[in-house]
There are 2 protein chains.
Amino acid sequence: MRVFIIKANEARTDATFSFKDLPGTSGRIDLLCRALNAAFHISHGFRKNVRVWLSLYGPPNPPKAIRFEGQIMKPKTLNPDELSTAKLIARALKGAKGLREPSKELEVLPGIYVSNMTFEDIVRRTIKGATLYYLHEEGEDISKVKFSGNVAFVLGDHIGLPPEDETFLRPIAKRVSVGPRSYLTSHVIAYVNIHLDRLGVL
Amino acid sequence: MRVFIIKANEARTDATFSFKDLPGTSGRIDLLCRALNAAFHISHGFRKNVRVWLSLYGPPNPPKAIRFEGQIMKPKTLNPDELSTAKLIARALKGAKGLREPSKELEVLPGIYVSNMTFEDIVRRTIKGATLYYLHEEGEDISKVKFSGNVAFVLGDHIGLPPEDETFLRPIAKRVSVGPRSYLTSHVIAYVNIHLDRLGVL
């Protein structure tokens, strides 16, 4: 299976942002909506072999983690457009309001879970069952990397990962690059998905 | 330079659609917004070497063509989110209201032009200065194609190209495929852009 972990440094951790101005009010939840689109959608289909973790660190209640589990989600839950996906994220954040435990997950819809897990919690849980890669413009070229088994990818948002996250990842995640420039998170996910399809990696 | 021509079979050709429900009211202009995002945006940058043609064939006034010229556009005109891009498209369609001539272009913003040009008009104009490819799941694998000079790509929307367009393209456009499955238009554009970057094709 394929796991994508996206660290969103400024993404709001409550549901008070405006659907009329996602880039201006949500801490770039629009970017996360496009990342989910790239992770799950194919033409007239849905990738059930994908898990996405959104790791939200914006105000007012960081951290929040939202897990999207392709195997369990109903494909019709996630639509390609940004607005309906932003509403799903808002619904999950509303669900997290009363959540006190540091790692308990609450299922807000089939296959969609919210929790107070940290970025490190997510990564530690992920590396138990998958090989971890950190998508970074200075990483090894993706064409040279041999993928097999379960694969997981960490991606930054428009800001990138803070130094402490990079330090945490250094011993556990190989840096991989998709191309010679610095790309948007959703474009990198689209590229990685197609690249893995081409290699026949499930 | 890189040209992307997207045929949108059902996209509204006036500006009466709802920004609150693009997928349900606009004939999938949300898809075109994501295609523009994939064509032009890189992280903290803008691809000036890109031209996008949207060829709109939905009701009530088809055809409409909107040309986005990266060389001339102000990078801040196009933002990554869907909603602001849908507003740009609506603005162009409003501008086209009084347009009677079949091929005259009206500049609605620097580098953004609207006209009554047909899909065939766009393609004929494009092949004067670029090699044309038709992105199709049954095409030749993209890794085997030698790209050089100006390149242009035709892509369908969620419906795909109608048979008459495919017949028109057959003698003038090589079919190329990015991978073993059928992908969303925006994901294909993201893949092609990164692939060309990797090859060093401008």
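**Salt bridges**

I began with Arg12(B), which forms a salt bridge with Asp14(B); the closest N and O atoms are 3.2 Å apart. I then looked up the accessibility of Asp14(B): at 16% relative accessibility this residue counts as buried, because the cut-off for buried is under 20%. I note here that the model is predicted.

Next I went to Arg125(B), which forms a salt bridge with Glu105(B), with 3.5 Å between the closest N and O atoms. The pair links distant parts of the chain, 20 residues apart. Arg125(B) sits in helix 4 (residues 119-127) of chain B, and Glu105(B) in the loop between helix 3 (82-95) and strand 6 (106-109) of chain B. Arg125(B) has a relative accessible area of 38% and is partly exposed.

In chain A, I found a network of salt bridges that share partners. Arg51(A), Arg67(A), Glu69(A), Glu105(A) and Arg125(A) are joined in it.

Which residue forms a salt bridge with Lys7(A)? I found Asp165(A), with the closest N and O atoms 2.4 Å apart. Asp165(A) lies in helix 5 of chain A and Lys7(A) in strand 1 (residues 2-8) of chain A, so the pair ties together parts that are 158 residues apart in sequence. I checked burial for this pair, and both Asp165(A) and Lys7(A) are buried. For the record, the count over all chains comes to 30 salt bridges.

**Annotated binding site, chain A**

I looked up the UniProt record. The entry is unreviewed and places the feature "binding site" at Leu135(A) and Gly156(A). They span 22 residues in sequence, but their C-alpha atoms are no more than 8.1 Å apart, so they gather at one spot.

I took Leu135(A) before Gly156(A). Leu135(A) is in strand 8 (residues 131-141) of chain A and is buried, with a relative accessible area of 10%. Leaving aside neighbours within four places in sequence, I listed the contacts of Leu135(A) as Phe153(A), Val154(A), Leu155(A), Val176(A), Val178(A), Val188(A) and Val192(A).

Gly156(A) is in the loop between strand 9 (151-155) and helix 5 (163-169) of chain A. Is Gly156(A) buried or exposed? At 15% relative accessibility, I entered Gly156(A) as buried. Not counting residues up to four places away in sequence, Gly156(A) touches Ile6(A), Lys7(A), Leu161(A) and Thr185(A). Lys7(A) is thus a name I had already written down, as the salt-bridge partner of Asp165(A).

**Helix 6 against helix 6**

I turned to the contact between the chains. Helix 6 (residues 185-199) of chain A packs against helix 6 (residues 185-199) of chain B at an angle of about 85 degrees, with the axes 9 Å apart. The two helices are therefore roughly perpendicular to each other. By class, I have six nonpolar, four polar and two charged residues in this contact.

I then wrote out the residues that meet. From helix 6 of chain A they are His187(A), Ala190(A), Tyr191(A), Ile194(A), His195(A) and Arg198(A). From helix 6 of chain B they are His187(B), Ala190(B), Tyr191(B), Ile194(B), His195(B) and Arg198(B).

**A loop residue in chain B**

Last, I looked at Ser148(B), in the loop between strand 8 (131-141) and strand 9 (151-155) of chain B. At 53% relative accessibility, Ser148(B) counts as exposed. From Ser148(B) to Thr185(B) I have 37 residues in sequence and 22 Å in space, C-alpha to C-alpha.

Key:
Residues are numbered from 1 along each chain as its sequence is written. Chains are lettered from A and ligands numbered from 1 in the order in which they are written. This is a predicted model: local features need pLDDT of at least 70, side-chain atom pairs count only at pLDDT 80 or more; totals for chains, interfaces and linings use all residues. Side-chain values use heavy atoms; hydrogens and water are left out. Axes are lines fitted to C-alpha atoms, for helices over the stretch in contact, and angles run from 0 to 180 degrees between N-to-C directions. Helices (H or I, at least four residues) and strands (E, at least two) are DSSP runs, numbered from the N terminus. Angles under 35 degrees count as roughly parallel, over 145 as roughly antiparallel, 65 to 115 as roughly perpendicular and the rest as oblique. Contact means heavy atoms within 4.5 Å. Ala, Val, Leu, Ile, Met, Phe, Trp, Tyr, Cys and Pro count as nonpolar, Asp, Glu, Lys and Arg as charged, and the others, Gly among them, as polar. UniProt positions are given in the numbering used here, feature names are shortened, and annotations may be inferred rather than shown by experiment. Buried means under 20% relative accessible area, exposed over 50%, partly exposed in between (1.4 Å probe, protein chains only). A salt bridge is a side-chain nitrogen of Lys or Arg within 4 Å of a carboxyl oxygen of Asp or Glu.
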